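Visitor: I have a structure open and would like to learn how to read its strands, sheets and chain contacts. Could you take me through them?

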There are 2 protein chains.
Amino acid sequence: MTKIVVIGGGAAGLKAAARARRRDEEAEITVIEAGEYPSMSRCGLPYYIEGLVHEIENLLQTTYGAVRTPEFFKRVKNIDVLTKTKAKRIDREKKVVEIERNGSSDELPYDYLVIATGSKPARPQIPGIDAEGVVHLHSAEDAEKIVEAWEDGAEEAVIIGGGLIGMECAEALSRLDMKVTMVEIMDHILPTLLDAEMAALVKAHLKENGVEVLTGYRVEEIVTDGEAVSGVKIGEKVMPAQLVLIATGVRPNVELAKSAGLEIGETGAIKVNKYLQTSDPSIYAGGDCVENIHILTGKPIYAPLGSTANKHGRVMGDNVTGGKSTFPGVIGTTIFKVFDFTVARTGLTEKEARQLGYDVITAIAPSPDRFHHYPGQKPIRVKIIADKSGKLLGAQAVGLGVVDKRIDVLATAIQMGATIDDVANLDLAYAPPFSMALDTVIVAANIARNKRDGLIESISAEELRKKIESDEDFIILDVRTDEEAEKNPLEDRRVIHIPLDRLRESVDKLPKDREIFTVCQVGARGYEAARFLIQKGFRAKMVEGGMAILGVLVSR
Amino acid sequence: MTKIVVIGGGAAGLKAAARARRRDEEAEITVIEAGEYPSMSRCGLPYYIEGLVHEIENLLQTTYGAVRTPEFFKRVKNIDVLTKTKAKRIDREKKVVEIERNGSSDELPYDYLVIATGSKPARPQIPGIDAEGVVHLHSAEDAEKIVEAWEDGAEEAVIIGGGLIGMECAEALSRLDMKVTMVEIMDHILPTLLDAEMAALVKAHLKENGVEVLTGYRVEEIVTDGEAVSGVKIGEKVMPAQLVLIATGVRPNVELAKSAGLEIGETGAIKVNKYLQTSDPSIYAGGDCVENIHILTGKPIYAPLGSTANKHGRVMGDNVTGGKSTFPGVIGTTIFKVFDFTVARTGLTEKEARQLGYDVITAIAPSPDRFHHYPGQKPIRVKIIADKSGKLLGAQAVGLGVVDKRIDVLATAIQMGATIDDVANLDLAYAPPFSMALDTVIVAANIARNKRDGLIESISAEELRKKIESDEDFIILDVRTDEEAEKNPLEDRRVIHIPLDRLRESVDKLPKDREIFTVCQVGARGYEAARFLIQKGFRAKMVEGGMAILGVLVSR
């Protein structure tokens, strides 16, 4: 009878246990969990704070309403779940885990051990970080603390860190009517997730929703009023705050694995092979405590996610019961909702791709998320990154409309090794309620093909913004309609406005000795204008993403 | 100066013309259109009838509101669009198109010709089909006729044909408060799009929305009251109707191509190579008048779609201006909205795959479309079809929730040659507002892997329904909770109800000599129960899709 011990009752650990049971009815399976609850869905916590998920217990339930208690696991799966139990040490020689439970110690022997110890929030070195009112959002207890602070009258919150958790919490706290300030040390928010121009769209949306966003600022100190937090010192200024959320990422819990002498990877997380086996063949590890291989780069990446943890669980459950399952790695897909925006990315950013030495082509397609006259259509902006051979490397998408579909399609394409030509010819589901006749991802791929094939050159909106701030001479040719240009003007001495349908008759007014950057609302007319001008002997480039991007950059 | 003539001002023709212009500013480009409008978005017509799109002219507009008139094409793209102009004959020797315009004839010389003559509605041989009030939905004029019939007081409509257009119109006419009856000659609706059990879910939704659905019935006659239609004779019964919509599919317009001696394929549409070149190297064809290659089977398929027509247009525009672009084919992806349901498919159906000789594995995953405690989550049912090697062959999805994303991911996977193992490990975007931690497509792939790997066998809900109607002896083990079983009971003498959490203690009550079919609400518990029973020596199979499918089949 195989003895399987699982350390950690989160997604990876419990999935491994349940899968092992389905494959081996006879195995003895024990799960050790330090906390009070097994299998808390941590991803749901921001929605609990916001009030969208009403009871914290909801986050413990199965789809059919059963609560995942130790009793549930025993009755339904014959799995022993020991909560409030700490794994103190792994003795790999004796193959036992030393545990502490209700103050007394014990030993659990194992044939196979699964380490799924998860992650903990990073704690930056900031004076005052231990003050009352300084919180993380990592556990149910953390969520309760935040709700209590609000109930106790906290009206101003500072979020330290402009990443994913920071975003979700900015929305949740704003919905509770708190005044929220977000501080990010890098020069744009979401620095590891998005390129600068896409992040700028998100920042604008945060501002529209009343969140103050400070980028490029270091937090000097958390200021207290005796014990409780009263503000955050950012640069020279103190922002008043009764609640401070530290959202600077998470770190893997590796102490147990490390002290047992298991190999730790360069990311600081446990190193595993494709079977999720650690450097000890009897010990597997998965979930937030391990590093993954990035499928595109072949390099380790620390990318803890609930979806990945679940996949790990299945692989580990197979392999501790005689199977030989593998996990191929990840491509860094991430998504979140912030106010009315959905923000998502997959693969490499343009910045990452350039740092890795790729010769990069990018394309931005702003478009409606469905047929442009179908009710409820909303704008989205999709950016794709490819290398010069056409291989798709990454994608980012933000907007009010349906973004998750586009990123999932592009993630699938990237993982399957697709080129921009493959993407352009995907037989995607078209009807007016679901997309334009050519879906945004196809439009983006076609733009990238035009660039690769030398039909067009482009300037990024960010580059043009910098040029606008300079003294250089060039022409920005705005080919939008009179109405569009009036409603949302682009003001600069170098702007010439000629609507596309008057361009052919007015082309002689344009000088051939200066660079011309053609811009419209979303890019299609700018492309058409540039193609016309190029063929007429002008030096024309289109502005990537049109005013949909440039308009946001120049107005900030 | 290259002379390019395009016959047909729909999506494929105009896209080809516009693309050609962007590549070649000097070419002479002429588009001939028989109708009044160029580039009508036909896919939007049902939404115009329903009132969701208010003006038929909206369907002619670009995303930035410009109306695609001949003047628009001339000014913006320097393309001559001749509307109300008929192409009478192609003289391939002389390389001219004979046209008729305003009653007089003319000749247009070409270097390259693009045929994009589109499709026309099929007209079945039904007595009375020429009566007043019998309509198609293929043109703006058709849509106007339908709206007029409603304005004139039509209260009852019969739709002949249970395919895509029939579905969209069933909704549109119902929203106008008409009593709608749909007649389909095959034994289930959507016979070429969905397998029987998935179509049954759609049928149930039509019924919930007041549409009467008659399957397996031939329309004998359209009955008139003098000139106008008054009813439809279906079997022995006459259904009263003041409006009859013929929705039995479309046929390619190939007369012109045929009389010019161009090769017509086995589907009856124009045959083209991967460059979309006809049997005459100077003549290209695309859009609804050509057949496509099915990427999975390598065989020709007639699958006219606006999305495909747009892709064709780009390829033709390239190739008539010196390019060498190719179109890889299609995989039959289709989607539509009907009332609150979205229905979509891609690749092969189970039936098609079996007919083609594949050794088929199927899996059905019913699940919420996002985290099950996130507000607004709605159910979807995803079916995938794979061959025994694991290669993904097809997918179908229906439900109230987000279905288009899942089909687009699976379409991408199929087109890229993915296996169910690839799908199970896709790094899809997970956050509670967008999916379960393991997206439905991953769950479906995992079920299929379990079947391939021999962990589980299943019985389809449709097979079990047939067994229930027989006298056979077997056991249906309902492992849902007491509440679920009471709320939505499965009544049959062979049903034993033991909730999953009591199965271990009650397993001795079950006989080992009979087949046991385990069923829960969506399948996960049925799977778990079956795995337990199999390991305990019982002959157990899970019911594919659980009560989510079976419940609909037994209640009809």
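Visitor: Let me start with a hairpin: which residue is the bridge partner of A:Asp91 in E5(A)?

Guide: Strands of a sheet pair through backbone hydrogen bonds, either parallel or antiparallel. Here A:Asp91 has A:Val96 as its bridge partner in E5(A). Strand E4 (residues 85-91) and strand E5 (residues 96-101) of chain A run antiparallel and are joined by six bridges. Two terms to keep in mind: strands (E, at least two residues) and helices (H or I, at least four) are DSSP runs numbered from the N terminus, and two strands pair if DSSP finds at least two bridges between them.

Visitor: Before we go on, what kind of model is this, and how are its parts numbered?

Guide: It is a predicted model, in which local features need pLDDT of at least 70 and side-chain atom pairs count only at pLDDT 80 or more, while totals for chains, interfaces and linings use all residues. Residues are numbered from 1 along each chain as its sequence is written, chains are lettered from A and ligands numbered from 1 in the order in which they are written, and side-chain values use heavy atoms, with hydrogens and water left out.

Visitor: Back to the hairpin, then. Which residue takes a positive phi in the hairpin of E4(A) and E5(A)?

Guide: That is A:Lys95, with a phi near 55 degrees, in a hairpin that has four residues between the strands. E5(A) also pairs with strand E6 (residues 104-109) of chain A, antiparallel and over six bridges. In that pairing A:Glu100 stands opposite A:Ser105. The hairpin of E5(A) and E6(A) has two residues between its strands, and A:Asn102 in the turn has a positive phi of about 50 degrees.

Visitor: How do I read a sheet of five strands, and in what order do they lie?

Guide: Follow the order from edge to edge: in chain A, an open sheet runs E21-E22-E25-E24-E23 with antiparallel pairing. Its edge strands, E21 (334-338) and E23 (360-368) of chain A, each pair on one side only. Neighbouring strands of this sheet are turned by 10 degrees against each other on average, direction ignored. Angles run from 0 to 180 degrees between N-to-C directions, using axes fitted to C-alpha atoms, for helices over the stretch in contact. Inside the sheet, seven bridges join the antiparallel strands E24 (residues 379-387) and E25 (residues 392-399) of chain A, and A:Ala386 is partnered by A:Leu392 in E25(A).

Visitor: Which helix lies across those strands?

Guide: Helix H6 (residues 196-208) of chain A lies across E21, E22 (341-347), E23, E24 and E25 of chain A, at about 15 degrees to E25(A).

Visitor: What does chain B offer by way of a smaller example and a parallel one?

Guide: For the antiparallel case, three strands of chain B form an open sheet in the order E13-E14-E15. Its edge strands are E13 (219-225) and E15 (237-240) of chain B, and the twist averages 30 degrees from one strand to the next. E13(B) pairs with E14 (residues 228-234) of chain B over six bridges, with B:Asp225 opposite B:Ala228. For the parallel case, four bridges join strand E1 (residues 3-7) to strand E7 (residues 112-115) of chain B. There B:Val6 stands opposite B:Val114. E7(B) also pairs in the parallel sense with strand E18 (residues 283-285) of chain B, over three bridges, and the partner of B:Val114 in E18(B) is B:Tyr284.

Visitor: Now the interface. How many residues of chain A are in contact with chain B, and what area is buried?

Guide: The size of an interface is often given as the accessible area lost when the parts come together. Here 93 residues of chain A are in contact (heavy atoms within 4.5 Å) with 94 residues of chain B. The buried area (accessible area lost with a 1.4 Å probe, summed over both parts) is about 8,400 Å², and carbon and sulfur atoms give 57% of that.

Visitor: How many salt bridges lie between the two chains?

Guide: Side chains of opposite charge can pair when their charged atoms come close. The count between chain A and chain B is 13 salt bridges (a side-chain nitrogen of Lys or Arg within 4 Å of a carboxyl oxygen of Asp or Glu). Among them is the pair A:Lys405 and B:Asp404, at 2.8 Å, N to O. Helix H10 (residues 404-415) of chain A gives the most to the side of chain A that touches chain B, with nine residues.

How values were computed:
Buried area = accessible area lost by both parts, 1.4 Å probe.
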